[in-house]
Amino acid sequence: LQLVESGGGLVQPGGSLRLSCAASGFTLDYYAVGWFRQVPGKEREGVSFISRSGYSIRYAESVKGRFTISRDSAKATVYLQLDSLKPEDTAVYYCAAAKYFSDYVPPIGELTDFETWGQGTQVTVSS
């Protein structure tokens, strides 16, 4: 079971990126998926979560209105569209999967159910 993130890079403030999280070796159909980010010296924080069906979505307050999470079951991929980027969005972004038997999505601060993690992709917002 593996998750692979891609799409990170260097972007100017106000710019956009689209991150992808692709599953390998398993289907994401039974998993809620979360995007997280971490900067050196700080705890990993939840950015956005999406339920198995895609109907339930949560965002951290700091990214509401700027980031959009979505999923494509046929491609076993979850996306995070990052718009209006700010320097404080600079971090390593990770995706992770949590298996549920319902269309549950945990609160944005809850990480404990996420057991399968990707290796991360760096996002740097700088002029």
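Me: How does the radius of gyration of the chain sit beside that of a compact globule with 127 residues?

Reply: Happy to start there, and keep in mind that this is a predicted model. A compact globule with 127 residues would have a radius of gyration near 14 Å. The value for the chain agrees with that, because the chain has a radius of gyration of 13 Å.

Me: What are the rough dimensions of the box that the C-alpha atoms fill?

Reply: Picture a box laid along the principal axes of the chain. The C-alpha atoms fill a box of roughly 45 × 25 × 25 Å.

Me: How many helices and how many strands does the chain have?

Reply: Try reading along the sequence: the pattern is β-β-β-β-β-β-β-β-β-β-β. That fits the count, which is 0 helices and 11 strands.

Me: Which residues have the most contacts inside the largest nonpolar core?

Reply: Of the residues in the chain, 43% count as buried. The largest nonpolar core has 28 residues. Several elements give two or more residues to this core, among them strand S3 (17–24), strand S4 (31–38) and strand S8 (77–82). The residues with the most contacts inside the core are Leu28, Trp35, Leu80 and Tyr93.

Me: How many residues are in the other core?

Reply: Another core lies apart from the largest one. Its members include Ala32, Phe49, Ala96 and Phe114. The number of residues in this other core is 8.

Me: Which residues of the largest core with the most contacts inside it does Leu80 touch?

Reply: Let's set aside residues up to four places away in sequence. Leu80 then touches a list that includes Leu17, Val47, Phe67 and Ile69. Leu28, Trp35 and Tyr93 join Leu80 as the residues with the most contacts inside the core. On the list of Leu80 we find Trp35 and Tyr93.

Me: Is Arg18 buried, partly exposed or exposed?

Reply: Arg18 has its place in strand S3. Leaving aside neighbours within four places in sequence, Arg18 is in contact with Ser6, Gly7, Tyr79, Leu80 and Gln81. The relative accessible area of Arg18 is 49%. Exposed would need over 50% and buried under 20%, so Arg18 is partly exposed.

Me: What share of the contacts with a separation of 6 or more comes from residues 24 or more positions apart?

Reply: Think of contacts that link residues far along the sequence: Arg18, for one, is in contact with Tyr79. Among contacts with a separation of 6 or more, residues 24 or more positions apart account for 61%.

Me: How far apart are the mean positions of the positive and negative charges?

Reply: The chain has 12 positive and 13 negative charges. The distance between their mean positions is 3 Å.

How values were computed: Residues numbered from 1 in each chain as written. Predicted model: local features only at pLDDT ≥ 70, side-chain atom pairs only at ≥ 80, totals over all residues. Heavy atoms only, no water. Core = buried A, V, L, I, M, F, W, Y, C linked by side-chain atoms within 4.5 Å. Buried < 20%, exposed > 50% of the residue type's maximum accessible area, 1.4 Å probe, protein only. Helix = DSSP H or I, 4+ residues; strand = E, 2+ residues; numbered from the N terminus. Contact = heavy atoms within 4.5 Å. Rg over C-alpha atoms; globule rule 2.2 N^0.38 Å. Lys, Arg positive; Asp, Glu negative; His and termini not counted. Charge placed at Lys NZ, Arg CZ, Asp CG, Glu CD.
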